[in-house]
Each structure stands twice: as structure tokens, then as C-alpha cells.
Amino acid sequence: MNGGLVGVDKKLVNSVLTTLGKGRFSYDRITYTYALSNPDAPAAPAPTSQTDSAPAPNRDAVLAACRKLFADGLPRTAKEIAAELTRQGMAGLDKALIGSVLMREGKELFTYDRKSYTYSPR
């Protein structure tokens, strides 16, 4: 259950808890559950609203930029893709967003290799 958050799937939750929540959450590989690493730790700061920060990247623009980037056919990690697109001028990108876009909107266009953690064009 995603608490009523539309568009939130298991992969996105896992990505956020393992990257942004690193050190705050622990994962139990036997029960496939997350728990607070330290229940006495202060809560994470509340996310800023869209009015407080730059607007969220347009997912269609991210997908189009990824298609252009993959024109050479080389596999890349989500971190490498985010770094390259940021260098090209796209703001607000991180590997979680790249992974989410490529796994959703780009699921027919890209494949993901779980061993090398890379995306490749189909």
C-alpha cells in the first residue's frame, strides 16, 4: 500500500529508502522489510514545496534527453545518465528520477541489466 500517493511504486520506494534514506533505514533481506535504523534519531527534514525550489523536471523531457543520449548505443548507469543530463543543462536530476523515468515511460525503449546496474537502448 502506498498511502494514497498516486504513481508511487515499489521500485521508487526502494530507491528512495536505500539512497536518500541511507543510514536512517535498515533492510532485512529475510523478511523483505525496512525499519528505522535508530528509532530515536530525529525525523528527516520535510521536503520543500515546489514554490521553495526549482520546478520538478518534466519526465517527458528527461525521456527525450535519454533517448538522444543513448543514440551511441552504449550502456550507462542511472548516476552517469543524471550527471550527463545535468551537465547538458537539465536541473533537478538524480539517479532515482532517471531510474523511475526509464523503468516507466521508457520501459519499451530501454532495458536494465541488474548485474551491471546499467540501462541500454532496446
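Here a biologist asks and a modeller answers about a predicted model.

Biologist: Let's start with the sheet: in what order do its three strands come?

Modeller: The sheet is an open one, and its pairing is antiparallel. At the edges sit β3, residues 76-77, and β4, residues 110-113, each pairing on one side only. So the order, with strands taken as DSSP runs, is β3-β5-β4.

Biologist: Which residue of β5 stands opposite T77?

Modeller: Strand β5 covers residues 118-121 and runs antiparallel to β3. Two bridges join β3 to β5. Opposite T77 in β5 you'll find T118.

Biologist: On to helix α3. Why do its buried residues count as being on the same side?

Modeller: Helix α3 spans residues 78-87, and its buried residues are A78, I81, A82 and L85. An α-helix has 3.6 residues a turn, so residues three or four places apart point the same way. The buried residues of α3 sit on the same side because the arc they cover around the axis is only 100 degrees.

Biologist: Which residues are exposed on the other side of α3, and what comes after the helix?

Modeller: After α3 comes G89, which has a positive phi, near 110 degrees. The buried residues of α3 are covered by elements including α2, β3, α4 and β5. On the other side of α3, the exposed residues are K79 and R87.

Biologist: What about α2: how wide an arc do its buried residues cover?

Modeller: In α2 the buried residues are V62, L63, A65, C66 and L69. On the other side of α2, D60, R67 and K68 are exposed. The buried residues share one side of the helix because their arc around the axis is only 165 degrees.

Biologist: What covers the buried residues of α2?

Modeller: Take A65, which lies in α2. A65 touches L85 and M90, leaving out residues up to four places away in sequence, and L85 is one of the buried residues of α3. The cover over the buried residues of α2 includes β3, α3, α4 and β4.

Biologist: How far apart are A65 and L85 in space, C-alpha to C-alpha?

Modeller: A65 is buried, with a relative accessible area of 14%. Along the sequence, A65 and L85 are 20 residues apart. In space, their C-alpha atoms are 7.2 Å apart.

Biologist: Is S100 buried or exposed?

Modeller: S100 sits in helix α4. Neighbours within four places in sequence aside, S100 is in contact with R59 and E105. Its relative accessible area is 12%, and buried means under 20%, so S100 is buried.

Biologist: Now the largest pocket: which residues lie nearest its centre?

Modeller: The volume of the largest pocket is about 970 Å³. Its lining has 24 residues. Nearest the centre are K11, N14, S15, T18 and Y112.

Biologist: Which element gives the largest share of that lining?

Modeller: The elements that give two or more residues to the lining of the largest pocket are α1, α3 and α4. The largest share is seven residues. They come from α1.

Biologist: And how many of the lining residues of the largest pocket are charged?

Modeller: The lining of the largest pocket is a mix of kinds. Nine residues are nonpolar and seven are polar. The charged ones number eight.

Methods
Residues are numbered from 1 along each chain as its sequence is written. This is a predicted model: local features need pLDDT of at least 70, side-chain atom pairs count only at pLDDT 80 or more; totals for chains, interfaces and linings use all residues. Side-chain values use heavy atoms; hydrogens and water are left out. Two strands pair if DSSP finds at least two bridges between them. Helices (H or I, at least four residues) and strands (E, at least two) are DSSP runs, numbered from the N terminus. Buried means under 20% relative accessible area, exposed over 50%, partly exposed in between (1.4 Å probe, protein chains only). The arc is that of the directions from the helix axis to the C-beta atoms. Contact means heavy atoms within 4.5 Å. On a 1 Å grid over the protein atoms alone, a cavity is a set of points where a 1.4 Å probe fits but cannot get out, and a pocket is an open set with protein on both sides within 12 Å along at least five of seven lines; lining residues have an atom within 4 Å of a point. Grid points are joined across faces, edges and corners, and a volume is the space filled by probe spheres set on the points. Ala, Val, Leu, Ile, Met, Phe, Trp, Tyr, Cys and Pro count as nonpolar, Asp, Glu, Lys and Arg as charged, and the others, Gly among them, as polar.
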